[in-house]
Amino acid sequence: DPKLRYRIFEAQGTAHYYSLRPMEAHRSYSRALDWAQRLEDGATLAIAHTNLAMACRRLCDWAAARSHYNQAIVAHEAMQRERDAAVARTGLGNVLLDEGCLSEAFECFDHALRAFRSSPDHRREAGVLYNQGLARLLQGDPVSARALLQDALQKFCDLRLTLYAARAHA
């Protein structure tokens, strides 16, 4: 069953990725992508590209990471899955940040931020604000960086308070 084989390789890749074994993660995610392509399911294919992009980034293979993130973005947008496209776009922004392409990274983060705000996804919004702050700091703009980082910190604090409130009422 191709779906089962995809899931097995995806699970293996994820286990390797979080166990800090990027080469093994890359191998498993590559095999998962092979199976995802056979399924003719756009969502599965987009996720497989995102997973492989994460492994490529961890291996510092920026070109491959960019390629897989871009393929994931195109696939998600074709299905009108803007939030998922924003997740992949955030990953692409991180790759660009790693490469020192700060303006392009900021643009990716800005596009993702708009999607997360409209979804709303406050946790990812806070993460993107943090990434934007880091990009501005690396660009030599500490004033903008500070404002963005303060916004990110406030969002993270608000989320933490919301979590505590939810636990108190559970």
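Biologist: Let's start with Lys3: what is its relative accessible area?

Modeller: Keep in mind that this is a predicted model. Buried would need a value under 20% and exposed one over 50%. Lys3 is classed as partly exposed because its relative accessible area is 25%.

Biologist: And which residue does the side chain of Lys3 meet in a salt bridge?

Modeller: The N to O distance for this pair is 3.9 Å, and the cut-off for a salt bridge is 4 Å. The pair links distant parts of the chain, with Lys3 in helix α1 (residues 2-18) and its partner in the loop between α2 (22-39) and α3 (42-58), 38 residues apart. That partner is partly exposed, with a relative accessible area of 30%. The residue you're after is Asp41.

Biologist: How many salt bridges does a search of the whole structure find?

Modeller: The Asp41 and Lys3 pair is a salt bridge, and so is the pair of Asp84 and Arg81, at 2.7 Å from N to O. Searching the whole structure gives a total of 11.

Biologist: Arg83 forms a salt bridge too; how far apart are the closest N and O atoms?

Modeller: The partner of Arg83 is Asp121. The two sit in distant parts of the chain, 38 residues apart: Arg83 is in helix α5 (residues 82-99), and Asp121 is in the loop between α6 (102-118) and α7 (122-138). The closest N and O atoms are separated by 3.1 Å.

Biologist: Is Asp121 buried or exposed?

Modeller: Its partner Arg83 is partly exposed, at a relative accessible area of 32%. Asp121 has 11% relative accessibility. The limit is under 20%, so Asp121 counts as buried.

Biologist: Which residues do salt bridges that share partners join into one network?

Modeller: We've met the pair of Arg83 and Asp121, and the pair of Asp84 and Arg81. Of these, Arg81 is partly exposed, at 28% relative accessibility, while Asp121 counts as buried. Through shared partners, the network joins Arg81, Arg83, Asp84, Asp121 and Arg124.

Biologist: On to helix packing: how do α5 and α6 run, roughly parallel or roughly antiparallel to each other?

Modeller: Two packed helices are described by the angle between their axes and the distance between the axes. For α5 and α6 the axes are 8 Å apart and the angle is about 160°. An angle over 145 degrees sets the class, so α5 and α6 are roughly antiparallel.

Biologist: Into how many nonpolar, polar and charged residues does the contact of α5 with α6 divide?

Modeller: α5 passes α6 in a left-handed crossing. On the α5 side, the contact includes Ala86, Val87 and Asn94, and on the α6 side it includes Ala105, Cys108 and Phe109. By class, the contact holds 12 nonpolar, 4 polar and 4 charged.

Biologist: With which residues is Asn94 in contact, leaving aside its neighbours within four places in sequence?

Modeller: Asn94 lies in helix α5 and is buried, with a relative accessible area of 15%. Beyond the sequence neighbours, its contacts are with Arg57, Phe109 and Asn131.

Biologist: At what angle do α3 and helix α4 pack?

Modeller: The axes of α3 and α4 (residues 62-78) are 8 Å apart. The crossing of α3 past α4 is left-handed. The helices count as roughly antiparallel, which takes an angle over 145 degrees, and here it is about 160°.

Biologist: How far apart in space are Arg66 and Leu39, C-alpha to C-alpha?

Modeller: Arg66 lies in helix α4 and is partly exposed, at 28%. Its contacts beyond four places in sequence are Leu92, Val95, Leu96 and Glu99. Arg66 and Leu39 are 27 residues apart in sequence, and in space their separation is 23 Å.

Biologist: Last one: within what distance do the axes of α6 and α7 come?

Modeller: The two axes cross at roughly 160°. That makes α6 roughly antiparallel to α7, and α6 passes α7 in a left-handed crossing. Their contact includes Phe106 and Phe109 of α6, along with Arg124 and Asn131 of α7. The axes come within 9 Å.

Note on methods
Residues numbered from 1 in each chain as written. Predicted model: local features only at pLDDT ≥ 70, side-chain atom pairs only at ≥ 80, totals over all residues. Heavy atoms only, no water. Helix = DSSP H or I, 4+ residues; strand = E, 2+ residues; numbered from the N terminus. Buried < 20%, exposed > 50% of the residue type's maximum accessible area, 1.4 Å probe, protein only. Contact = heavy atoms within 4.5 Å. Axes fitted to C-alpha atoms, helices over the stretch in contact; angles between N-to-C directions. Parallel < 35°, antiparallel > 145°, perpendicular 65-115°, else oblique. Left-handed = near helix turned anticlockwise from the far one by under 90°. Nonpolar A, V, L, I, M, F, W, Y, C, P; charged D, E, K, R; others polar.
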